[in-house]
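Hi,

Here is the structure I promised to pass on. Could you have a look at it when you get a moment? My notes on what I found follow below.

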Amino acid sequence: MCMISLIFSFLTIVIPEVVDIPGKDIRMGVTEITNSQYECFDPSHERAFSTGDDDAVTMVSWHDAVAYCKWLSAQTGRHFRLPYESEWEMACRAGSSTAFNTGDDFPQEQWKAQRNNRYKEPVSLKVAMFAPNPWGLYDMHGNVEEWCLDAGDATGDFRVTRGGSHNTEVRYLRSDARSAAIPEDRSVLRGFRVVEDVVAKPARKPVFLEPQPYVIAPTDGITPFYAHNHQPAVTWTYGGDLLAIWFSTDAEAGREMVVLQSRFHDGAWSPATLFFKVPERNMTGSALLTMPDGTLLHANGVGDAGEWKDLALCVRRSLDGGFSWSHPAIVEPEHDVRHQVIAGPIVTRDGRILLCCDAGPGGEDGTSLHVSADGGRTWEDTGGTIAGIHAGIVELNDGTLMALGRGNSIDGRMPCSRSVDGGRTWSFSASPFPPIGSGQRLIFKRLMEGPLMLCSFDDKGLFVSLSYDEGKTWPVRKLLTDGKKRILDGGAWTGTFTLDADHAEPKGYLACIQTPDGMIHLLSSRVHYRFNLPWLEKGSAARRESPPERSTQMAISSRCRHGRR
């Protein structure tokens with residue numbers, strides 16, 4: 001078998017050989033990770049039962065396996081992780097539908113003490129001793145159980161293992177056999193193999209796909225689901241899914257408010273399930289972020305009663321694509337203003353996380369900026385205030401922070417805020433765009449291709465605008481419609497609307513993520529839009545020069561002049 005070795009500062013890294021999995025944007029390790037591969041990462045690892053260099057590594061916890069994948073990703077510039085169990089089973093079966101990929105029976109010549117042995121019978125755990133399955137993968141049945149990324153139950157207390165191991169009965173080696181273990185557990189029965197995510201190249205042809213709802217009523221009979229579903233956040237996972245969350249409530253100042261979730265997998269959204277809830281507390285404001293190493297962060301406001309004014313800020317982490325989460329950490333404990341989380345945090349070039357929160361409950365109270373320099377474990381409120389609530393923020397190429405928000409209009413235009421000191425102080429000017437109001441929240445972000453993108457609203461509805469010169473001019477402005485007439489339900493404060501050549505969604509709280517394949521996924525309060533940069537740039541009718549930006553100083557009122565929503 002071919003193994004690739006790289007040398008970094010006298011450290012030899014043995015990169016696992018991987019093969020493509022048909023129909024998936026992943027490659028899977030041809031074998032389980034061996035002792036020699038794992039010990040490049042952890043030279044102190046003590047071999048037990050598995051003693052040879054080419055034996056499958058054992059005595060590794062789920063956390064050890066995840067740490068190895070992150071280390072390998074950092075060393076190679078590729079993205080390795082554990083497989084989801086659905087990926088694992090698909091790869092194990094390799095197109096078969098029988099109990100084993102070898103048929104209804106597992107060949108006895110491949111057995112490795114396949115009995116329920118009280119004392120483990122010594123056997124060789126050398127990888128690739130027998131023929132691979134039709135997709136070129138060795139030891140998918142037996143040898144050692146393999147950790148998967150998924151949680152094994154709804155509590156997240158366990159992690160799935162698949163494939164069965166030596167010194168167990170053959171029935172536990174079936175393609176569909178599921179086991180689980182406590183993620184801290186280390187055993188001579190258990191090891192792992194890796195998956196490499198293959199990032200698809202962005203499509204060069206224009207793409208606009210059929211809009212669809214992502215707020216799907218729950219079907220499990222236990223998830224609370226209320227009349228008002230609003231204020232989404234969205235991110236992507238290295239498993240290829242989108243994860244969307246939003247609040248569901250009867251009243252925005254209600255204690256019944258819960259945060260629900262839906263997952264976009266293979267082109268469809270799942271029914272809603274419970275994502276986060278502190279009993280009898282208001283839960284207004286959520287954000288999601290996928291970190292460069294694949295870790296997911298979730299930030300949320302938690303009230304001390306029913307209002308959204310008095311919120312503390314908490315953060316959770318997920319290492320398995322959002323299937324399970326850490327205990328919520330209260331990172332800014334004061335139940336006060338400046339903690340109502342806004343979707344769309346970003347990571348700066350120097351690794352800081354920037355999270356915007358509404359600075360107060362009023363429509364003219366502006367936006368606060370919170371910064372973490374340690375991966376989301378601790379946070380600091382910069383103390384400055386951005387013009388407009390619900391602001392979106394970007395880092396410009398020169399390090400300046402730029403933000404656009406709702407309210408605090410200047411000369412009848414949407415306010416633009418800039419900071420050259422990391423958000424501690426801000427200067428303000430009028431943008432080229434119309435102000436937005438009740439029931440509307442904008443998106444302001446940088447696309448992976450480089451342009452800045454604003455998604456906002458004018459008198460015709462939801463539009464998208466692009467800047468290629470760091471926000472100085474905005475030559476592309478396009479209504480978010482492909483021209484086909486549809487009657488859609490926007491939910492929340494939007495309700496039913498007509499989407500056609502001259503009209504787009506009139507309201508909605510927006511959340512957005514661009515996936516590595518270049519697709520832009522824009523959520524309003526209920527509708528999921530999918531398009532790419534070539535579609536935005538298509539057609540001369542979409543291009544027009546923006547009026548020059550005007551510089552005007554402004555002050556931010558600390559009181560509410562009109563309703564929030």
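Right after helix α2 comes Gly77, and its phi is positive, near 75°. Please keep in mind that this is a predicted model. The helix itself runs over residues 62–76, and its 15 residues reach 21 Å from the first C-alpha to the last, close to the 21 Å expected at 1.5 Å a residue. At its other end, where α2 starts, a side-chain oxygen of Ser61 comes to within 3.3 Å of the backbone nitrogen of His63. Which residues of α2 are buried? They are Trp62, Asp64, Ala65, Val66, Tyr68, Cys69, Trp71, Leu72 and Ser73.

Two of those, Tyr68 and Trp71, turn up again in the aromatic part of the story: ring pairs link them with Tyr38, Phe41 and Phe192 into a cluster. The structure holds 19 aromatic pairs. In one of them, Tyr38 and Phe41 have ring centres 5.5 Å apart and planes at 75°, so this pair is edge-to-face; the cut-off for that label is over 60 degrees. Both residues sit in helix α1 (residues 35–41), three residues apart, which is about one turn of the helix. Tyr38 is buried, with a relative accessible area of 1%, while Phe41 is partly exposed at 24%.

Another pair you may like is Phe208 with Trp535. Their ring centres are 4.7 Å apart and the planes meet at 35°, so the pair counts as tilted. It links distant parts of the chain, with Phe208 in strand β11 (residues 208–213) and Trp535 in helix α4 (residues 533–537), 327 residues apart. Are these two partners buried or exposed? Phe208 is buried at 14% relative accessibility, and Trp535 is buried too, at 9%; the cut-off for buried is under 20%.

Trp535 has a charged partner as well: Lys478 lies over its face, at 3.9 Å from the ring centre. Elsewhere, Arg316 lies over the face of Phe275, at 4.8 Å from the ring centre.

Finally, a note on Ser438. This residue is in the loop between β29 (427–430) and β30 (440–441), and with 43% relative accessibility Ser438 counts as partly exposed. Measuring C-alpha to C-alpha, Ser438 and Asp374 are 36 Å apart in space, and they are 64 residues apart in sequence.

Happy browsing, and do write back with any questions.

Best wishes

Definitions and conventions:
Residues are numbered from 1 along each chain as its sequence is written. This is a predicted model: local features need pLDDT of at least 70, side-chain atom pairs count only at pLDDT 80 or more; totals for chains, interfaces and linings use all residues. Side-chain values use heavy atoms; hydrogens and water are left out. Helices (H or I, at least four residues) and strands (E, at least two) are DSSP runs, numbered from the N terminus. Buried means under 20% relative accessible area, exposed over 50%, partly exposed in between (1.4 Å probe, protein chains only). Rings of Phe, Tyr and Trp (its six-membered ring) pair if their centres lie within 6.5 Å; planes under 30 degrees apart count as stacked, over 60 as edge-to-face and the rest as tilted. A charge sits over a ring if NZ of Lys or CZ of Arg is within 6 Å of the ring centre and within 35 degrees of the ring normal. The expected span of a helix is 1.5 Å times one less than its number of residues. A polar contact is a pair of N or O atoms within 3.5 Å; within protein, one must be able to donate a hydrogen and the other to accept it, and residues adjacent in sequence count only if both atoms are side-chain atoms.
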